[in-house]
Amino acid sequence: MEKEFTPNEHWQSQIAGFLKGELSFEEEKQLQLWMNEDVLHLQYFEEIRNMWLGTVTSASHNDQINQKWEKFNFLLNQKYEGKKTDIFFLPTFKRIASIAAVLVIGMVSGIFLYNSFFKYSDSIKDEVCEMITPLGAKSQILLPDGTQVWLNAGSKLSYKKSFNSKDRVVTLVGEAFFKVKTNKEKPFIVQTHRLNVKALGTTFNVKAYPEDKSVTATLVEGIIQVNGSTASSKAFNVTLKPSQSITVDENSVHSNIKTENTEIQRESMPEGKALASEGVVINSNPSIEKFTSWKDSQWFIEAENLENLAVLLSRKYNVDVHIESDSLKQYRFTGTIRNETLEQVLEILKLTTPLKYQVGKGEVWWDLDPGLKENFSRILVKNK
Amino acid sequence: MPDLSYTNFEIAEGIRSRDRKIFEFLFKKYFNPLASYARFILKSQVISEEITQEVFLKLWENAASIRIDSSVRAYLYRSIHNHCLNYIKSCKTDKSQAFVTVDVNLHPDIALSHLSEDLLEKLTTTELESYLNHTIDRLPGQCREIFLLNRNEDLSYPQIASKLNISVNTVKTQIMRALEKLREAYKKF
């Protein structure tokens, strides 16, 4: 009879956590040490793990797996069959006759979630073309006029079929980076719920998620005109120079200043900042990567507080982030994210913020780690 | 999922001729199990699903030349296993991925300890699966319910805990109890 070994409750619980991928880096390290302590520990872990793998999960929800299959089937069509009639497989692709108008150049993130479809509005003449990038994905689009667009996660870009016949107007919900093909006769206009950007042949980024606290347009190259009205209905009209950005605050309600010109007032604002109208701030940014790098493989994050960062990460990784502790929201993070997984990013956050997290399916819970907080504050005191 | 099954021969033929019906059948049957296997090793849901899709793409690409010796099931598991190993390898060689020294390999290292392809093949036979399912059926009520919520519905421990109004620790204890029972049964198998 071989020796039976059963670990105590703590290690049982840690092993269960590991199987589900719910342990933190530190806990995994402890688990590994424990396994190396005694061959019985290792053996026990391996046997339990084998049973875990032996009980294969069956296909869970029908509609979920159907959706995945449809996407995969779509990808097969795109990759191997050209755009054949098979594409009608998706109900949303029913009337795709004019798909030639939109050429999908590629999916930046390599995640297969890419959807584009056409919606017909009431008037037949006003056919609208919509491009949607779901959460957790990015896509790159070539518009009929040659303009390149990078569409961030959870964003929608739409335009009428008459696009490029006399003008070039697109509507954006979410975030996109535009490299506008020069055409002096037909200005390129991006409409959002808060502001409009008019360009002739320039490169700029617009971030306008309706659920965010502010809307921002950032100019990389050339010149753009931005107009719109603040939440308190004050109109503004501003011309931006390269590496400037304009941010419209959704929460500004009181305002007496009317500035409907291109002059930028410089009063008591900090260096590099200017107020065009109450609730509208123009920034001169030495580094604009912060605004535009989301579309590249390197994503620069600069002094972003965890509350905002939670929103950015939830779009990028398609998870819901719940912050359980209000004091945690105030901590700021600066860093670069490349191809890290969500878990890797969270471990990195833990290096500089007192973060404690738990990962569930499509959900992440953030809480303040009192132990880490104390460690960090001790370091800060030491450095003073 | 349509409740139809194919013979091994039909499946092998269907793969070879890139029959969409067969691919749909395989995809719907194996996507979740394979993704869950990958997630066990790599921890990341997003990457696991991406890699699983890659496995099916490879199956499509190489359909004409693929030789499936044992079963499609074994082939797919071997394939996802190798894709995971390759992914880990590419992370290790591509230094640009880690800008802060975080040991991204710890989790896979633990997950993979002494996990060979042989064992994997043994674990993924239909015989063992049905034997284990039989054992699961005979688990005590709550223990079985928790185990199935976890393995079939893929709920996290906190999710199960709040659903059944019990503590996360109880969930973990019950999961381990179920696995212990399975381990005993496996030794007799």
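Start by selecting Asp296(A): at 34% relative accessibility this residue counts as partly exposed, because buried would need under 20% and exposed over 50%. Keep in mind as you click around that this is a predicted model. Now add Lys295(A) to the selection. Asp296(A) and Lys295(A) form a salt bridge, with the closest N and O atoms 3.0 Å apart. Lys295(A) has a relative accessibility of 12%, so this partner counts as buried.

**Zoom out to chain A**

Color chain A by secondary structure and you should find eight helices and 21 strands. The chain has 384 residues, and 49% of them count as buried. If you like contact maps, take the contacts between residues at least 6 apart in sequence: in chain A, 48% of these join residues at least 24 apart. Switch on the surface and chain A exposes about 18500 Å², with carbon and sulfur atoms supplying 49% of that.

Next, select residues 342–352 of chain A, which is helix α7. How many of its eleven residues are buried? Nine are, so to speak, under cover, and the helix is mostly covered. The buried residues in α7(A) include the nonpolar side chains Leu342(A), Val345(A), Leu346(A), Ile348(A) and Leu349(A). Glu343(A), Gln344(A), Glu347(A) and Lys350(A) are buried in α7(A) too.

**Over to chain B**

Hide chain A for a moment and look at chain B by itself. Here you get ten helices and zero strands, and walking along the sequence gives the pattern α-α-α-α-α-α-α-α-α-α. Of the 189 residues of chain B, 52% count as buried. For contacts in chain B between residues at least 6 apart in sequence, 63% join residues at least 24 apart. The accessible surface of chain B is about 9000 Å², and 50% of it belongs to carbon and sulfur atoms.

Pick out His81(B), which is found in helix α4 (residues 72–93) of chain B. Is His81(B) buried or exposed? Its relative accessibility is 3%, so His81(B) counts as buried. To see what surrounds this histidine, show the side chains that His81(B) touches beyond four places away in sequence: Tyr37(B), Ile41(B), Leu112(B), Leu115(B), Glu117(B) and Leu120(B).

Stay in chain B and select Arg73(B) along with Glu129(B). Their side chains meet in a salt bridge, 2.9 Å from N to O. Arg73(B) lies in helix α4 of chain B and Glu129(B) in helix α7 (residues 126–137) of chain B, so this pair ties together parts that are 56 residues apart in sequence. Arg73(B) is buried, with a relative accessible area of 8%.

**Where the chains meet**

Bring chain A back and select the contact between the two chains. You should pick up 74 residues from chain A and 71 residues from chain B. The size of an interface is often given as the accessible area lost when the parts come together. For chain B and chain A, the buried area is about 7100 Å², and carbon and sulfur atoms give 61% of it.

Now turn on polar contacts. Between chain B and chain A there are 21 residue pairs in polar contact, counting pairs with both residues at pLDDT 80 or more. Which helix of chain B gives the most to the side that touches chain A? Select helix α2 (residues 20–42) of chain B, which gives twelve residues. By residue class, the side of chain B that touches chain A divides into 37 nonpolar, 15 polar and 19 charged.

**Last stop: salt bridges**

The structure holds 18 salt bridges over all chains, and four salt bridges cross the interface of chain B and chain A. For one to look at, select Glu28(A) and Lys43(B), whose side chains meet at 3.1 Å, N to O. At 2% relative accessibility Glu28(A) counts as buried, and Lys43(B) also counts as buried, at 10%.

Finish by selecting Glu47(A), Glu180(B), Arg183(B) and Lys187(B) together. These residues are linked in a network of salt bridges, so leave their side chains on as sticks while you trace the links.

Technical notes: Residues are numbered from 1 along each chain as its sequence is written. Chains are lettered from A and ligands numbered from 1 in the order in which they are written. This is a predicted model: local features need pLDDT of at least 70, side-chain atom pairs count only at pLDDT 80 or more; totals for chains, interfaces and linings use all residues. Side-chain values use heavy atoms; hydrogens and water are left out. Contact means heavy atoms within 4.5 Å. Buried area is the accessible area (1.4 Å probe) that two parts lose on being put together, summed over both. A polar contact is a pair of N or O atoms within 3.5 Å; within protein, one must be able to donate a hydrogen and the other to accept it, and residues adjacent in sequence count only if both atoms are side-chain atoms. Helices (H or I, at least four residues) and strands (E, at least two) are DSSP runs, numbered from the N terminus. Buried means under 20% relative accessible area, exposed over 50%, partly exposed in between (1.4 Å probe, protein chains only). Accessible areas come from the Shrake-Rupley method with a 1.4 Å probe; for residues, only the protein chains shown count as cover.
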